[in-house]
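User: I should like to learn how to read the architecture of a protein model, one feature after another. Could we work through this one together?

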Amino acid sequence: MELTAAAIGVAVALSVLLLLSTAVNSAEDFIAASNLRRKSPTAGLCADVIEPSGFPCSEHTTQTKDGFVLGLQRVSSPSVTVRQRGSPVLLIHGLLMAGDAWFMDFPDQSLGFILANRGFDVWVGNVRGTRWSHGHKSLSERDKKFWDWSWQELALFDLGEMIRYIYSVTNSKVLVVGHSQGTIMSLAALTQPDIAKMVEAAALLCPISYLEHVTAPFVLRLVKMRLDEVILAMGIHELNFKRSYCNFDLLPIHPLHIVHAFSKLLITSSDIFSNLGTSIMDMMCDGHMDCADMLYSITGKNCCFNSSRIDYYLEFEPHPTSSKNLHHLFQMIREGTFAMYDYGMWKNLMYYSQPKPPTFDLSSIPSSLPIWMGYGGNDALADISDVKHTLKELPSKPDLLYLENYGHIDFLLSVKAKEDVYDSMLAFFTSLGTSSSY
Ligand SMILES: *[C@@H]1O[C@H](CO)[C@@H](O)[C@H](O)[C@H]1NC(C)=O
């Protein structure tokens, strides 16, 4: 079982989403989750998640400069009419997640619903490759080129395009709310004057620009093993754990098969690498670290999320991402930089005309742009010293909310997040004077 937990851990290594690992504490849990997944419809985020809670929701699509068709949802409150709509706010999710992440708990607990109820014009972002986006104008998901991107493109193309689209539809500057990778994207995008000029303010949960001080032992182990490079060298460009579940569904159900399926999940959906996956798991867990508490070893200790809702979360998470994205994130951990993707010296010269990738310069974020940040003492990914590094380089002084007992997932899924976190964020928006209709 340790092996199983470890394999899942790899899958979500840098992700916020340790939900997965917690969920497979027993084979029955896993099978139950698997059944749920098979049954779940994929009509769209509005129809599947938001409308069932009684919130009006419309689906939108927009195309990035490099041809990806992104899905956006616009959500309002059942009790707020269109004429009363307040400022547009864009919610931008983290790694291996998508727009559903903001609606996973009850309406009085989840940020997406809370903002809609407060009169905001809520827009839900979904980056390329996720279930709620719509592919590419010419590439198929089977093409290697479809997965040739990292958070750099998510920031400059996806987030830039979503903001531009909302700005043009609403005729109003946009409030941006990001979590985890969504904050890397936000901070990188805000260094670009043409994007920053369409943004009213930013609220960042678990803000990340530097990843030098990540403390999560399991993540550090994967970084040290160069798992990102191994995966790419093997020609695996898409990290899609749901696809592996499909293969799993074809197998007779037996706990040993679960281990087998998860070793596939780690490495590839093709059979030939499954033994390698298993031996990598052995290597990582035997004597090196305790894989029993995966949640703790990847995100830090979360105080307050509701583990009895995991079956529900698993109907949606994790969403696919690219191996190149994982590689870029691991580069940040290794090199301690907030920079563009590092291709190696020669290719860097070709792409960037310099041997090292250009850095994102936080000091070029406009000092007039109001920023709010919420960060936690138990967050093993957005470490306090990295948050301080970010703050040192920002030209403005963001409003800060520090919660000593919060881990990386709590900021999204804590059952008390409204009182602990979102009320402070809402007060920040209200203080801007332009926000909700209430
Ligand atoms: C935790 O989740 C369960 C299952 O959905 C739910 O019944 C319960 O009310 C939740 N608890 C809190 C505090 O939200």
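User: What share of the contacts with a separation of 6 or more comes from residues 24 or more positions apart?

Analyst: In this predicted model, residues 24 or more positions apart account for 77% of the contacts with a separation of 6 or more. The protein comprises 20 helices and ten strands, and 54% of its 438 residues count as buried.

User: How are the strands of the open sheet ordered?

Analyst: In general, strands of a sheet pair through backbone hydrogen bonds, either parallel or antiparallel. Here eight strands form an open sheet with mixed pairing, in the order S1-S2-S4-S3-S5-S6-S9-S10. Strand S1 (57-63) and strand S10 (399-403) stand at the edges with a single partner strand each, so one side of each has no neighbour in the sheet. On average, neighbouring strands of this sheet are turned by 20 degrees against each other, direction ignored.

User: Which helix packs on this sheet, and which strands does it touch?

Analyst: Helix H6 (residues 151-170) packs on the sheet and touches S1, S2, S3, S4, S5 and S6. The direction of H6 makes about 160 degrees with that of S3.

User: In which sense do S1 and S2 pair, and over how many bridges?

Analyst: S1 and S2 pair in the antiparallel sense over seven bridges, with Thr61 opposite Gly71 in S2. Their hairpin has five residues between the strands, and Gly67 there takes a positive phi near 90 degrees. S2 also pairs with S4, in the antiparallel sense over four bridges; the bridge partner of Arg74 in S4 is Trp123. Six of the seven residues of S2 are buried, so S2 is largely enclosed by the rest of the structure.

User: In what sense do S9 and S10 pair?

Analyst: S9 and S10 pair in the parallel sense, over five bridges. Met373 has Leu400 in S10 as its bridge partner.

User: Which residues of helix H18 are buried, and why do they line one face?

Analyst: An α-helix has 3.6 residues a turn, so residues three or four places apart point the same way. In H18 (residues 384-393), Asp386, Val387 and Thr390 are buried. Seen down the axis of H18, these buried residues fall within an arc of 105 degrees, so they line one face of the helix. Ser385 and Lys392, on the other side of H18, are exposed. The cover over the buried residues of H18 includes strand S9 (371-376).

User: Finally, which residues surround the ligand?

Analyst: Asn306, Ser308, Arg309 and Val415 surround the ligand. By class, this shell has one nonpolar, two polar and one charged residues.

How values were computed. Residues numbered from 1 in each chain as written. Predicted model: local features only at pLDDT ≥ 70, side-chain atom pairs only at ≥ 80, totals over all residues. Buried ≥ 20, exposed ≤ 12 C-beta atoms within 10 Å, placed from the backbone. Helix = DSSP H or I, 4+ residues; strand = E, 2+ residues; numbered from the N terminus. Arc of directions from axis to C-beta. Contact = placed C-beta atoms within 7 Å. Pairing = 2+ DSSP bridges. Axes fitted to C-alpha atoms, helices over the stretch in contact; angles between N-to-C directions. Near = placed C-beta within 6 Å. Nonpolar A, V, L, I, M, F, W, Y, C, P; charged D, E, K, R; others polar.
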